[in-house]
Amino acid sequence: MAGSKPEYVFTRDYLDRNRLNLQHYQWVELFGYRIHPKIPPVGPQHRIADVGTGSGVWLMDLSSRLPASARLDGLDVSLEATTPTEWLPSNVSFREWDIKQEPPEDLVGQYDIVHVRLLIFVLLDDEIPSVLQRLMKLLKPGGYLQWDEADISSSRIEKARPDNKVEAVTKMFYLSQRLDSRLKPTWVPRLGELAESAGMSDVKMDKRDTTHTPPYLSYAMYESNLAFLELLARTTRNEAFAKELEELMPAVAKESRDGACWDFTRYTMIAKKTIS
């Protein structure tokens, strides 16, 4: 692994950990599962990796629901957001690995399931094919990749009433996209096609959009996403952006409370590593 960690667009502090933990439980409510039901049940000798594990909440939530002997490994370029080792479930461990580097040899071909979630603000469009190849290397033949992602390119404004004002909410969205090229990814709807191009099989894209999402949940997920803008303002070196966002947020809060939010389509993609 490289000696210095790549720049992260968020803060890796308790506020960011709370955002990650809340988003996990909202994601589970939206999709109705932690592991896609088409993936075979986890057995006592299975090994699972959560890549870009963040706070490790997906693994922690799974740990008591799986056989105690199943091994759950969280991998991330930084472990600053994870729970202290002494408080981890006995079947959970964490290890540093940068998804933009080749996987360590001792992890190649070791996993029955590899899980990834919400790397849209970490990866650029042209990095996805090489990332898929690295994730495949982690899998055993016949193992499954599950990748949960939000499609920012599908963003839209939702209103509780036709006459709701949305000027500040709309401005906030486009303001954030100007800050960093990672904040306007376009690869998510093509993730299944990219997995097939990488040589994976049994690809499925499970989609949730406005027609599948209760309005109260869309609004709750929107409010948890508002936190990431304030985290961006704390980490950016762009003082003009931070000032403009600070001035804009009171109007955003009022429009949101009156019944305006932005929403977008979310996907869970699963794919199987072909057995040679």
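What follows is a short walk through this structure, from its sheet to its helices, its cores and a few single residues. The model is a predicted one, so please read every value here as computed from it.

Let us begin with the sheet. Seven strands make up an open sheet, and reading across it gives the order β3-β2-β1-β4-β5-β7-β6, with mixed pairing. At the edges stand β3 (92-96) and β6 (201-208); each has a single partner strand, so one side of each is left without a neighbour in the sheet. On average, and ignoring direction, neighbouring strands are turned by 20° against each other.

Now look at β4, which covers residues 111-117. On one side, β4 runs parallel to β1 (residues 47-51), and four bridges join the two. One place to see this is A49, whose bridge partner in β4 is V114. Strand β4 also runs parallel to β5 (residues 139-159), this time with six bridges between them. Here you can find R117, whose bridge partner in β5 is D148. How much of β4 is covered? Mostly, the strand is hidden away: seven of its seven residues are buried.

The path from β4 to β5 is worth tracing by eye. Together with helix α3 (residues 128-138), these two strands make a right-handed β-α-β unit. In the loop between β4 and α3 you will meet L118. Its phi is near 55°, a positive value in a residue other than glycine. L118 has 27% relative accessibility and therefore counts as partly exposed. Strand β6 holds another such residue, D202, with a phi near 50°, again positive in a residue other than glycine. D202 also counts as partly exposed, because its relative accessibility is 41%.

Next come two other helices. Helix α7 (residues 239-259) packs on the sheet, where it touches β5 and β7 (260-272), and its direction makes about 80° with that of β7. Helix α6 (residues 215-235) has 21 residues, which at 1.5 Å a residue should span 30 Å; the C-alpha atoms at its ends are 31 Å apart, so the two values agree. Among the buried residues of α6 are L217, M221, Y222, F228 and L232.

What about the interior? In soluble globular proteins, nonpolar side chains tend to be buried together. In this model, the largest nonpolar core has 54 residues, of which V114, L135, L145, W147 and M172 touch the most other members. Strand β7 gives the largest share of this core, with seven residues. Apart from it lies another core, of 16 residues, including L62, L66, A70 and I270.

V114, which we met as the partner of A49, deserves a second look. Leaving aside neighbours within four places in sequence, V114 is in contact with A49, V51, L135, L138, L139, Y144, L145 and Q146.

Finally, turn to V169, found in helix α4 (residues 167-179). Is V169 buried or exposed? With 0% relative accessibility, V169 counts as buried. Setting aside neighbours within four places in sequence, its contacts are I157, Y222, V252, E255, S256, A260, C261 and W262. Among these, Y222 is one of the buried residues of α6. As a last measure of distance, V169 and G143 are 26 residues apart in sequence, and their C-alpha atoms lie 42 Å apart in space.

Notes. Residues numbered from 1 in each chain as written. Predicted model: local features only at pLDDT ≥ 70, side-chain atom pairs only at ≥ 80, totals over all residues. Heavy atoms only, no water. Pairing = 2+ DSSP bridges. Axes fitted to C-alpha atoms, helices over the stretch in contact; angles between N-to-C directions. Contact = heavy atoms within 4.5 Å. Buried < 20%, exposed > 50% of the residue type's maximum accessible area, 1.4 Å probe, protein only. Right-handed = clockwise from strand over helix to strand, strands pointing away. Expected span 1.5 Å × (residues − 1). Core = buried A, V, L, I, M, F, W, Y, C linked by side-chain atoms within 4.5 Å.
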